[in-house]
Amino acid sequence: MEQIQRPRYAVQVILPTYQVIGQAEPIGPWLDYLNVVDKHLLTLHDARVLPVGSAATAATRPEVSINRAEACLIILTERAAHASVFMHKHTELAITHLGPIICRGEYHMGVDVRLGIFFDSFVGDFYPVTNVDLHSAVAYPEPVPAKAELVLLNRRQVQFYYPAA
């Protein structure tokens, strides 16, 4: 029997106390895959697990499963991964504090949605933000990129957000 090959994309998953770098193999479009209500894990292949903290040691594993609810954000580091992310055309510039990360970027929403009710109007936990500036309040083992074209933020990790001035 022939093995089905799905594309794998390089990603960086930022958690409050870990940074995991590897390859994700989404089944279908990213947001559909991440926002399925009865699935709770995100599997990364060829993963490097980097704990936050100077005394911590990194581990390399062929496969790790991450609790999606704990992921602050997923950085899609390959442009090819962006193709299957649905985004509304209307954007608002905002800043979000989630876990140890501050994210400033363009939040994609319907034209009838205001930023103040954005989280209540979005279906699912993960949503796209483009043209992103990232700032980390802690030192991660590998530097979190200062800029990213596209990240997927987890609203369960959002502490607060506001319009960018």
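These are my notebook entries on the core, one buried polar residue, the ring pairs and the salt bridges of a predicted model.

**Entry 1, nonpolar core.** I began with the interior, and found that the largest nonpolar core has 44 residues, with W30, L44, L134 and V151 making the most contacts inside it. I noted as background that nonpolar side chains tend to be buried together in soluble globular proteins. I then took L44 and listed its contacts, leaving aside neighbours within four places in sequence: V11, V13, V20, G22, Q23 and A24 are there, and so are P62, E63, V64 and I66.

**Entry 2, Q19.** Next I looked up a polar residue, Q19, which is found in strand β2, residues 18-24. Is Q19 buried or exposed? I recorded a relative accessible area of 0%, and because buried means under 20%, Q19 counts as buried. Its side chain makes a polar contact with the side chain of Q12, at 2.7 Å. Beyond neighbours within four places in sequence, I found Q19 in contact with Q12, V13 and I14, with R48, V49 and L50, and with the run Y140, P141, E142, P143 and V144.

**Entry 3, aromatic rings.** I searched the whole structure for aromatic pairs and obtained three. One of them joins Y107 and Y127, a tilted pair with 6.0 Å centre to centre and 40° between the planes. This pair links distant parts of the chain, since Y107 lies in strand β7 (residues 101-108) and Y127 in strand β8 (residues 126-136), 20 residues apart. I noted that both Y107 and Y127 are buried. Another pair, F160 with Y162, is stacked, at 6.1 Å centre to centre and with 20° between the planes. Here F160 counts as partly exposed at 43% relative accessibility, and Y162 also counts as partly exposed, at 33%. Separately, I recorded that R68 lies over the face of Y33, at 4.7 Å from the ring centre.

**Entry 4, salt bridges.** I then turned to charged side chains, and the structure holds eight salt bridges. In one, the side chains of R6 and E25 meet at 3.3 Å, N to O. R6 lies in the segment before β1 (9-14) and E25 in the loop between β2 and α1 (30-34), so this pair ties together parts that are 19 residues apart in sequence. R6 counts as partly exposed at 34% relative accessibility, whereas E25 counts as buried at 17%. I also noted that R6, R8 and E25 are linked in a network of salt bridges.

R104 forms a salt bridge with D133, the closest N and O atoms being 3.7 Å apart. That pair links distant parts of the chain, with R104 in strand β7 and D133 in strand β8, 29 residues apart. For R104 I wrote down 29% relative accessibility, partly exposed, and for D133 17%, buried.

Last, I looked up R156 and D125, whose side chains meet in a salt bridge of 2.7 Å, N to O. Which parts of the chain does this pair tie together? R156 lies in the loop between β9 (147-154) and β10 (158-163), and D125 in the loop between α2 (118-121) and β8, so the parts tied together are 31 residues apart in sequence. R156 counts as exposed at 58% relative accessibility, while D125 counts as partly exposed at 21%.

Key: Residues are numbered from 1 along each chain as its sequence is written. This is a predicted model: local features need pLDDT of at least 70, side-chain atom pairs count only at pLDDT 80 or more; totals for chains, interfaces and linings use all residues. Side-chain values use heavy atoms; hydrogens and water are left out. A nonpolar core is a set of buried Ala, Val, Leu, Ile, Met, Phe, Trp, Tyr and Cys residues joined through side-chain atoms within 4.5 Å. Buried means under 20% relative accessible area, exposed over 50%, partly exposed in between (1.4 Å probe, protein chains only). Contact means heavy atoms within 4.5 Å. Helices (H or I, at least four residues) and strands (E, at least two) are DSSP runs, numbered from the N terminus. A polar contact is a pair of N or O atoms within 3.5 Å; within protein, one must be able to donate a hydrogen and the other to accept it, and residues adjacent in sequence count only if both atoms are side-chain atoms. Rings of Phe, Tyr and Trp (its six-membered ring) pair if their centres lie within 6.5 Å; planes under 30 degrees apart count as stacked, over 60 as edge-to-face and the rest as tilted. A charge sits over a ring if NZ of Lys or CZ of Arg is within 6 Å of the ring centre and within 35 degrees of the ring normal.
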